[in-house]
Amino acid sequence: MESYLFPFDNLLCMLLGISFTVWFTLLLVFIIVPAVFGVSFGIRRLYMNTLLKIFEWATLRMERGAKEKNQQLYKPYSNGIIAKEPASLEQEIQEMRRSGSGLGGAEFDMSDIFYFCRRGVESIVDDEVTKRFTAEELESWNLLTRSNYNFHHISTRLTVLWGLGVLIRYGILLPLRVTLAFTGVGLLVFLTSIIGLLPNGGMKSFLSEKVHLMCYRICVRALTAIITYHDSENKPKNGGICVANHTSPIDVIILASDGCYAMVGQVHGGLMGVIQRAMVKACPHIWFERSEVKDRHLVAKRLSDHVADKSKLPILIFPEGTCINNTSVMMFKKGSFEIGCTVYPVAIKYDPRFGEAFWNSSKFGMVNYLLHMMSSWAIVCSVWYLPPMSREEGEDAVQFANRVKAAIARKGGLADLLWDGGLKREKVKEVFKEEQQKLYSKVLVGGEED
Amino acid sequence: MGSTSSTLAKIPNAEDLMQETGFTPAHLVRLYDRFKVLDKDKKGFLTPQDFVAIKELAMNPICDRIIGAFFTSGGETLDFPSFVRILAHFRPIDKNRPKEPTSPDPINSRSNKLKFAFQLYDQDKDGKISRHELLQVLRAMLEKQVTEEQLESIADRTIQEADLDRDDAISFEEFRKSLEKVNIDHKMSIRFLR
């Protein structure tokens, strides 16, 4: 019996060896080398178009299947349950007065409470903020169970396709991407440490730029990110700040693979810390200790100092402060807009058909999230570089921030919201409640003084 | 995505709830989804903290009273049927409902809407809005914007007008009478889509 196993053993080893070599060669030739030189074979685009065709077919099958069984396929009204009154507090109360006891004066009426009551219950049924922090609901299925809200078994063909998808994604794509990710990160740490040994000067900056770009490009391929850059003539220059809307930690990789930026962030421990220390050897980034983050003046000073030095790279900042689900842009924190230099806005919009890029940090941890990313089909996104903006005369930081935010929202096709991204975690400031009280009192007391 | 009927099957006593409240299956399903979104810890019921977490509600001057209206008799848990029953108050009045004298008023009748609003004022549930309770509501809606004297004079004037039996408090009947001409249906209804 044993003698039979030996030739098979050898055969098996040989096969494994060959397949490994072939795989690695393919990896090198088709992915790593183009990444190093910044060229593309267009394989990812081909992949994307094929996937789209498959998704369309899958959706058609499902629609047909649903029609046969006479069921409803699409979730009705994914944008709201109720129609909210657009009228303001003042208008409502004036109307109540007119249709009410006709007392003429703006006196308190027992029915005034109806306005607040109704608004309160409306917000219980449907509010703007909670909607922004859950992943966008899709209108067609992209063969990922995680975006499958209520699909049941519609046809065997579809389930087989889905099963095939799982095999491909977890069996082939995931290991490939993980290998690439390790390669990219490893190279980054190794090469930047070496460059750090060089004396400061033109050579160092040049090499550092090349190394950073190369490693980020490998990481981009590790996620199979298909990115379209628009308006590259507006790319951020030295001595400025680049601001962008924030959907996931991947935003950094996407932007940094097309240009060199100085990163800003807190010093982390572990692997992140190692990467941070290595990066800062090759070119200046701004890493803050945890204690320093609270001191706004210190932060502002370090940022201004960096910006004033024209030889240093533009700073990359995400003013929303947290990840939003890519359907809207929330309030920008004014800190980065107080520094008084040119701001280069960038809009990033992900295509959710291929994989949900939004990081719901209250639901998933970082590792879980990365795993999700690497087992999706692809990350497809568009990046628009907007023309630079500066603070105008008589404009304060908040107004400037809002102006930039509106421009980004418009370009990326996102809704422009007044709400603070920090609302995901914190309580509402008293200021908002006072606003309502002020309005109401103006109607009441202001009217009486006439 | 998927059929409404599959989610409907997950809701216990859906048929009875629809009968009682008058919500359509589509509405009930959307409210159920909303209930689950608000119930972040997946407890199966809601607590006052879940309501306070809604930012738009937290900035409403009478936020506490509205939440109190959901959690009647001081309880700390709100299950889905109770949630829906309270929201049913805000359905627009069904104009085509046949008037059956023996069946009870539907939850969204004018009378029941008024009762709901009344209990926002009447926190101690003694069936009357005392001067003290009225002042509390005024304080909540106006807080730092007016002086205490102005608040008191507003309260006095309101009671003077509405209090017909001169007991220095407003009963439900007096409340209803003072709001005779107000279009309650418009002011206390939420337009549910479809």
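**A colleague's note on the predicted two-chain model**

1. Let me start in the strands of chain A, where A:Ala262 stands opposite A:Ile315 in S6(A). That contact belongs to the pairing of strand S4 (residues 262-266) with strand S6 (residues 315-317) of chain A, which runs in the parallel sense over 2 bridges. S4(A) also pairs with strand S5 (residues 286-288) of chain A, again in the parallel sense, over 3 bridges. Within S5(A), A:Trp287 is the bridge partner of A:Gly265.

2. A word on confidence before going further: please keep in mind that this is a predicted model. The predictor gives the complex an ipTM of 0.86 and a pTM of 0.58. For chain B the mean pLDDT is 81, and 92% of its residues score at least 70. Where in chain B is confidence lowest, and where is it highest? The low end is helix H1 (residues 4-10) of chain B, with a mean of 70, and the high end is helix H7 (residues 80-88) of chain B, at 88.

3. Helix H11 (residues 296-308) of chain A is a nice one to look at in detail. Its 13 residues should span 18 Å at 1.5 Å a residue, and the end C-alpha atoms are indeed 18 Å apart, so expectation and model agree. The buried residues of H11(A) are A:Val299, A:Leu303, A:His306 and A:Val307. Because these cover an arc of only 100° around the axis, they sit on the same side of H11(A). On the face turned away from that buried side you will find the exposed residues A:His297, A:Lys301 and A:Ala308.

4. Helix H7 of chain A passes the length check too: its 21 residues should span 30 Å at 1.5 Å a residue, and its end C-alpha atoms are 30 Å apart, which agrees. Just after H7(A), A:Thr224 takes a positive phi of about 45°. This residue lies in the loop between helix H7 (202-222) and strand S2 (225-230) of chain A. Is A:Thr224 buried or exposed? With a relative accessibility of 10%, A:Thr224 is buried, because the cut-off for buried is under 20%.

5. Chain B offers a counterpart in B:Asn13, whose phi is near 55°, a positive value in a residue other than glycine. B:Asn13 is placed in the loop between H1 and helix H2 (14-21) of chain B. At 56% relative accessibility, B:Asn13 counts as exposed. Since H1 of chain B has that chain's lowest mean confidence, at 70, I would read this neighbourhood with that value in mind.

6. Now to the aromatic rings. How many aromatic pairs are there over all chains? The count comes to 14. One of them joins A:Phe337 and A:Phe400 in an edge-to-face arrangement, with 5.5 Å centre to centre and 85° between the planes. This pair links distant parts of the chain, 63 residues apart: A:Phe337 is in the loop between strand S7 (328-331) and strand S8 (343-351) of chain A, and A:Phe400 is in helix H13 (residues 397-412) of chain A. A:Phe337 is buried, at a relative accessible area of 1%, and A:Phe400, at 1% relative accessibility, also counts as buried.

7. In chain B, the pair of B:Phe35 and B:Phe83 is tilted, with 5.4 Å centre to centre and 55° between the planes. Here, too, distant parts of the chain are linked: B:Phe35 belongs to helix H3 (residues 25-38) and B:Phe83 to helix H7 of chain B, 48 residues apart. Both B:Phe35 and B:Phe83 are buried. They are members of a cluster in which ring pairs link B:Tyr32, B:Phe35, B:Phe51, B:Phe70, B:Phe71, B:Phe80 and B:Phe83.

8. Two arginines deserve a look alongside the rings. In chain A, the charged end of A:Arg169 sits over the ring of A:Trp377, 5.5 Å from its centre. In chain B, the charged end of B:Arg91 sits over the ring of B:Phe23, 5.9 Å from its centre.

9. Finally, a contact across the sequence in chain A. A:Ile250 is found in helix H8 (residues 250-256) of chain A, and at 3% relative accessibility it counts as buried. The C-alpha atoms of A:Ile250 and A:Cys219 are separated by 9.6 Å, with their positions 31 residues apart along the chain.

Note on methods: Residues are numbered from 1 along each chain as its sequence is written. Chains are lettered from A and ligands numbered from 1 in the order in which they are written. This is a predicted model: local features need pLDDT of at least 70, side-chain atom pairs count only at pLDDT 80 or more; totals for chains, interfaces and linings use all residues. Side-chain values use heavy atoms; hydrogens and water are left out. pLDDT is the predictor's confidence in each residue, from 0 to 100. Helices (H or I, at least four residues) and strands (E, at least two) are DSSP runs, numbered from the N terminus. The expected span of a helix is 1.5 Å times one less than its number of residues. Buried means under 20% relative accessible area, exposed over 50%, partly exposed in between (1.4 Å probe, protein chains only). The arc is that of the directions from the helix axis to the C-beta atoms. Rings of Phe, Tyr and Trp (its six-membered ring) pair if their centres lie within 6.5 Å; planes under 30 degrees apart count as stacked, over 60 as edge-to-face and the rest as tilted. A charge sits over a ring if NZ of Lys or CZ of Arg is within 6 Å of the ring centre and within 35 degrees of the ring normal. Two strands pair if DSSP finds at least two bridges between them.
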